[in-house]
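Work through the exercises below with the sequence and the coordinates open. Each task is followed by a solution in steps.

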Amino acid sequence: MAAEKEPLTAAAVQRLVERKDAVEAQIRAYYEVLETQKDAGMEQPLVDVEGYPRTDIDIYQVRTARHNIICLQNDHKELMTRIEEALHGLHARERQKRLLDATDSQMEAVMPDASPPLRAFAKVDMVAPGSPASVAGLLPGDEIVEFGTVNTQNFQNLQNIASVVQHSETRPLSITVLRTGKKLHLGLTPHRWSGRGLLGCNIIPL
């Protein structure tokens, strides 16, 4: 998916978000194909107990769908990285512009304090295959540091997350998680799918 990077503008970021949404739609479509094949999923064997190719599914269609899902998930990850980098770049440029226009005393007033160490307030307990959470790249064991507007400072209970999800249906949410000690930024779009809820994952408080 190598391509020249667009100039750093808000419009360019919006185009990246639109491409991300299109990729997510394609991933969902291929998962729906797998569901029509006896819920073959991404890991179900394609041979029977005797080692012969299964005759109850279209093996070529399943393999093609699986291959395309893997490729699209890689594209999705790359797009999320580019969106994150672009947003950081825009924010940094805007912050620098404000600082250059400010006096020394104003600079001291607007300079942020050192950020406290990241601390998770909830953990992903389960992710359903083909769900919005799965498409976004969430994995069981991911520790949630930020979920939209919810963070360690304002989190009280899981109703906080439920409220954000309900008010963000079909709109992308920025999620920050800790995975094996590393911080990751993911884009999750709550929406109705073939399973329960708008996310397709189970979250428990820490």
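**Exercise 1. Backbone outliers in loops**

In which loop does Thr170 lie? Find its phi value and its exposure class as well.

Solution. The model is predicted, and every value here is computed from it.
Step 1: Thr170 lies in the loop between α5 and β4.
Step 2: phi of Thr170 is near 70 degrees, a positive value in a residue other than glycine.
Step 3: the relative accessibility of Thr170 is 55%, and exposed means over 50%, so Thr170 counts as exposed.

Repeat the analysis for Asp39: what is its phi, and where is the residue found?

Solution.
Step 1: Asp39 has phi near 50 degrees, again a positive value in a residue other than glycine.
Step 2: the location of Asp39 is the loop between α1 and α2.
Step 3: with a relative accessible area of 54%, Asp39 is exposed.

**Exercise 2. Layout of the chain**

How many helices and how many strands are there in the chain, and in what order do the elements run?

Solution.
Step 1: the chain has five helices and six strands.
Step 2: read from the N terminus, the order is α-α-α-β-α-β-β-α-β-β-β.
Step 3: of the 206 residues in the chain, 35% are buried.
Step 4: among contacts with a separation of 6 or more, 63% come from residues 24 or more positions apart.

**Exercise 3. Packing of α1 and α2**

Describe the geometry of the pair α1 and α2, and classify their relative direction.

Solution.
Step 1: α1 covers residues 10–36 and α2 covers residues 59–101.
Step 2: their axes come within 9 Å and cross at roughly 160 degrees.
Step 3: angles over 145 degrees count as roughly antiparallel, so α1 is roughly antiparallel to α2.
Step 4: the crossing of α1 past α2 is left-handed.
Step 5: sorted by class, the contact of α1 with α2 has 20 nonpolar, five polar and five charged residues.

**Exercise 4. Two residues of α2**

Compile location, exposure and one C-alpha distance for Tyr60 and for Cys71.

Solution.
Step 1: Tyr60 is in helix α2, and its relative accessibility of 67% makes it exposed.
Step 2: Tyr60 and Leu46 are 14 residues apart in sequence, with 9.9 Å between their C-alpha atoms.
Step 3: Cys71 is found in helix α2, and at 32% relative accessibility it counts as partly exposed.
Step 4: Cys71 and Ile27 are 44 residues apart along the chain, and their C-alpha atoms are separated by 9.4 Å.

**Exercise 5. Nonpolar cores**

Which residues have the most contacts inside the largest nonpolar core, and which elements give two or more residues to it?

Solution.
Step 1: the largest nonpolar core has 23 residues, and those with the most contacts inside it are Phe121, Leu138, Ile144, Phe147 and Cys201.
Step 2: the elements that give two or more residues to this core are β1 (122–127), α4 (132–136), β2 (143–147), α5 (158–166), β4 (173–179), β5 (182–188) and β6 (201–205).
Step 3: take Phe147 and leave aside its neighbours within four places in sequence; its contacts are then Phe121, Ile161, Val164, Val165, Leu173, Ser174, Ile175, Leu188, Leu199 and Ile203.
Step 4: a second, separate core of 21 residues includes Val17, Ile57, Ala86 and Val135.
Step 5: as background, nonpolar side chains in soluble globular proteins tend to be buried together.

**Exercise 6. A residue of α5**

Is Ser163 buried, partly exposed or exposed? Give its distance to Val150 too.

Solution.
Step 1: Ser163 is found in helix α5.
Step 2: the relative accessible area of Ser163 is 31%, so the residue is partly exposed.
Step 3: Ser163 and Val150 are 13 residues apart in sequence and 9.9 Å apart in space, C-alpha to C-alpha.

Notes:
Residues numbered from 1 in each chain as written. Predicted model: local features only at pLDDT ≥ 70, side-chain atom pairs only at ≥ 80, totals over all residues. Heavy atoms only, no water. Axes fitted to C-alpha atoms, helices over the stretch in contact; angles between N-to-C directions. Helix = DSSP H or I, 4+ residues; strand = E, 2+ residues; numbered from the N terminus. Parallel < 35°, antiparallel > 145°, perpendicular 65-115°, else oblique. Left-handed = near helix turned anticlockwise from the far one by under 90°. Nonpolar A, V, L, I, M, F, W, Y, C, P; charged D, E, K, R; others polar. Core = buried A, V, L, I, M, F, W, Y, C linked by side-chain atoms within 4.5 Å. Buried < 20%, exposed > 50% of the residue type's maximum accessible area, 1.4 Å probe, protein only. Contact = heavy atoms within 4.5 Å.
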